[in-house]
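The following exercises are to be solved with the sequence and the three-dimensional structure at hand. Each task is followed by a worked solution.

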Amino acid sequence: MDLGIAGKTALVCAASKGLGRACAFALAGEGVNLVIVARGAEALEAAAAQIRHATGVNVRAVATDITTAAGRAAALAACPQPDILVNNAGGPPPGDFREWSRDDWLRALDANMLTPIELIKATVDGMIERRFGRIVNITSSAVKAPIDILGLSNGARSGLTGFVAGLARKTVKHNVTINNLLPGPFATDRLRATVEAAANAAGKPFEEVWAARMHANPAGRFGDPEEFGRACAFLCSAHAGYITGQNLLLDGGAYPGAF
Ligand code: NAD
């Protein structure tokens, strides 16, 4: 299917690795020119070169921390008028809420709630004027099925989800949609680090814990970031203008509810 977005421009945050990189790759595969952002210049430049080589689109790399005001300003200077915005950043650390300080909460809110809101604020009116815009926020399956040790993530991402639910109904008549993609377990560096920590804590080999988690998922496997990227590209497509304010779970069926 031709997604009808060739020649558009996307700003994709946290895109040197994992799910963000997969979203950037899938959009580039549809002919979308990119500005990609991540903190580490080396991995980011490598991702940019791979995407250019594979797809031939223009890719500009901005090495910065998107959760800071300076980082957002740098990203927006490189891409002041994106047609597509993919909001993403690293997730907050796990832990016990009794040990989290106010600063821990503020860091989580900055990364996973306020940064996407600031970027939406900076770009959505231009999208409305141009009568095309697609905003996708990468959140987490923990928004629907909170995980106790991920309280910082549950709280911050739920705040973003509530905000988006209101705004997404105001922009859609201008062909500007805002949706959230909720990953369950995807085979990325982050998941590897989480499983490694769990294996060390349990004194078990990494492979054993990795395989056990994989088989515990109804799909019997982890998600492939490429699948995630393609779902993102569809939500950003010309055909998805009637889908807004949705929270789409990609978790192999792990969430057990009917709705
Ligand atoms: P990853 O560690 O594989 O990749 C993270 C990317 O984000 C890297 O490119 C990194 O450079 C970039 N990044 C992190 N913090 C940044 C910042 N402050 N500014 C700019 N770039 C930054 O992680 P992933 O698995 O792709 O996860 C992406 C998001 O999805 C995270 O918020 C994570 O919590 C969430 N998530 C992932 C899974 C999973 O199974 N992979 C499940 C649920 C939620």
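A crossing is left-handed if the near helix is turned anticlockwise from the far one by less than a right angle, and right-handed if clockwise. The model examined here is predicted.

**Exercise 1.** Determine how helix 4 and helix 5 are oriented to each other, and state the hand of their crossing.

*Solution.* Step 1: locate the helices; helix 4 comprises residues 102-130 and helix 5 residues 151-171. Step 2: consider their geometry; the two pack at an angle of about 15 degrees, and their axes are 8 Å apart. Step 3: apply the cut-off, by which angles under 35 degrees count as roughly parallel. Helix 4 and helix 5 are therefore roughly parallel to each other. Step 4: assign the hand; the crossing of helix 4 past helix 5 is right-handed.

**Exercise 2.** Describe the surroundings of the ligand, from its nearest residues to the classes in its shell.

*Solution.* Step 1: identify the neighbours; 26 residues surround the ligand, and Ser16, Leu19, Asp65, Ala89 and Thr188 come nearest. Step 2: examine the polar contacts to ligand oxygen atoms. Serine 16 places a polar side-chain atom 2.6 Å from an oxygen atom of the ligand. Alanine 89 uses a backbone N or O atom, also at 2.6 Å from a ligand oxygen atom, while for glycine 184 a backbone N or O atom lies at 3.2 Å from one. Step 3: assess burial; the ligand taken alone exposes 830 Å², of which the protein buries 90%. Step 4: assign elements; helix 1 (18-29) and helix 6 (189-202) each give two or more residues to the shell. Step 5: classify the shell, which has nine nonpolar, eleven polar and six charged residues.

Methods
Residues are numbered from 1 along each chain as its sequence is written. This is a predicted model: local features need pLDDT of at least 70, side-chain atom pairs count only at pLDDT 80 or more; totals for chains, interfaces and linings use all residues. Side-chain values use heavy atoms; hydrogens and water are left out. A residue is near a molecule or strand if one of its heavy atoms lies within 4 Å of it. A polar contact is a pair of N or O atoms within 3.5 Å; within protein, one must be able to donate a hydrogen and the other to accept it, and residues adjacent in sequence count only if both atoms are side-chain atoms. Accessible areas come from the Shrake-Rupley method with a 1.4 Å probe; for residues, only the protein chains shown count as cover. Helices (H or I, at least four residues) and strands (E, at least two) are DSSP runs, numbered from the N terminus. Ala, Val, Leu, Ile, Met, Phe, Trp, Tyr, Cys and Pro count as nonpolar, Asp, Glu, Lys and Arg as charged, and the others, Gly among them, as polar. Axes are lines fitted to C-alpha atoms, for helices over the stretch in contact, and angles run from 0 to 180 degrees between N-to-C directions. Angles under 35 degrees count as roughly parallel, over 145 as roughly antiparallel, 65 to 115 as roughly perpendicular and the rest as oblique.
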